[in-house]
Amino acid sequence: MKITVPDLAASDLAARCQQLLTAEPGPAGRNKIAALLSELLTDPSNVNALIPANTGERDLLYRDPELGFCIFAHRYHGAKESLPHDHGPSWAIYAQARGETEMTDYEWATPDSEEIPGKVKPTRTYRLQPGDAHVYNEGDLHAPVRTGPTSLIRIEGTDMSKIKRRRYETI
Ligand SMILES: [Fe+2]
């Protein structure tokens, strides 16, 4: 396989995440990864290596075979927003690389049940600018809004593609 600069940048990041999470698997290790991403993404050469021009909306850069965490690169060419959500039994780190994300945190007003979607309400809104990285621990509800082009690195504690999401309505 041809080794390219993005591969090297992603594998270096993966190795450092692996070390930090092995030493501290809980929120402390995640906070250290967020600090690492903040530092990395303030340097445009790292941004260009991790999220080059041909990056798609959701590219998996790395999945750890042992710890299960996944590193994604996202590049949105226009506005992009998501409804409030948590990451189920997983945690996630959002690290802004280009452009700006307006993030709103939510809390459960009425928890969901098997039959009825729950209700969630906003608690605070803040901006993620290049170099800002934020940890969302298990169950932390959030909704990103992006009004212009953006790039980000996102790390999930586990592969979420096979996990059922909770249901809710906003109030
Ligand atoms: Fe999320």
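**Exercise 1. In the hairpin of S1 and S2, which residue takes a positive phi, and how many residues lie between the strands?**

Solution. Start at the turn: the hairpin of S1 and S2 has six residues between its strands, and Gly68 takes a positive phi near 90° there. Strands here are DSSP runs (E, at least two residues) and helices are runs of H or I with at least four residues, both numbered from the N terminus. Two strands count as paired if DSSP finds at least two bridges between them. Next, look at the arms: S1 (residues 59-63) and S2 run antiparallel and are joined by four bridges. One of these pairs Arg63 with Cys70 in S2.

A word on what you are looking at: this is a predicted model, in which local features need pLDDT of at least 70 and side-chain atom pairs count only at pLDDT 80 or more, while totals for chains, interfaces and linings use all residues. Residues are numbered from 1 along each chain as its sequence is written, and side-chain values use heavy atoms, with hydrogens and water left out.

**Exercise 2. Follow the pairing from S2 through S9 to S4 and on to S7.**

Solution. Step one: S2 and S9 run antiparallel, with seven bridges between them; Phe72 has Arg154 in S9 as its bridge partner. Step two: S9 also pairs with S4, in the antiparallel sense, over six bridges, and Gln96 is matched with Leu152 in S9. Step three: S4 joins S7 through four bridges, again antiparallel, with Ala92 and Tyr136 of S7 as bridge partners.

Now add burial (buried means under 20% relative accessible area, exposed over 50%, partly exposed in between, with a 1.4 Å probe and protein chains only). Six of the seven residues of S2 are buried, so S2 is largely enclosed by the rest of the structure. The count for S4 is also six of seven buried, so S4 too is largely enclosed.

**Exercise 3. Which residues touch the most other members of the largest nonpolar core, and which element supplies the largest share?**

Solution. A nonpolar core is a set of buried Ala, Val, Leu, Ile, Met, Phe, Trp, Tyr and Cys residues joined through side-chain atoms within 4.5 Å. The largest one has 24 residues, and Leu13, Leu37, Ile71, Ile93, Ile153 and Ile155 touch the most other members. At least two residues each come from helices H1 (5-23), H2 (27-41) and H3 (44-50) and from strands S2 (70-76), S4 (92-98) and S9 (150-156). The largest share, six residues, belongs to H2. Apart from this core lies another, of eight residues, including Tyr76, Ala92, Tyr94 and Met103.

Zoom in on Ile71: its contacts (heavy atoms within 4.5 Å) include Leu13, Cys17, Tyr62, Ile153 and Ile155, not counting residues up to four places away in sequence.

**Exercise 4. Which residues are the protein donors of the iron ion, and what is the geometry of the site?**

Solution. Donors are N, O and S atoms within 2.8 Å of the metal (3.2 Å for Na, K and Ca); water is not among the atoms, so sites may look incomplete. The protein donors are His85 (NE2), His87 (NE2), Tyr94 (OH) and His142 (NE2), lying 2.0 to 2.1 Å from the iron ion. Along the sequence, their spacing reads H-x1-H-x6-Y-x47-H. The angles among the four donor atoms are 94 to 134°, and the site is tetrahedral (four donors with all angles between 85 and 135 degrees). For reference, the ideal angle for four tetrahedral donors is 109.5 degrees. Both His85 and Tyr94 are buried.

**Exercise 5. Are Tyr136 and Glu156 buried or exposed, and which side chains do they meet in polar contacts?**

Solution. Take Tyr136 of strand S7 (residues 133-136) first. Tyr136 counts as buried because its relative accessibility is 2%. Its side chain makes a polar contact of 2.7 Å with that of Tyr126 (a pair of N or O atoms within 3.5 Å; within protein, one must be able to donate a hydrogen and the other to accept it, and residues adjacent in sequence count only if both atoms are side-chain atoms). Tyr136 also touches the iron donors Tyr94 and His142, among others.

Glu156 lies in strand S9. With 1% relative accessibility, Glu156 counts as buried, and its side chain has a polar contact of 2.7 Å with that of Arg154. Among the residues that Glu156 touches are Gly68, Cys70, His87 and Ala92.

Technical notes
Tetrahedral: all angles 85-135°; square planar, octahedral: opposite > 155°, others 65-115°.
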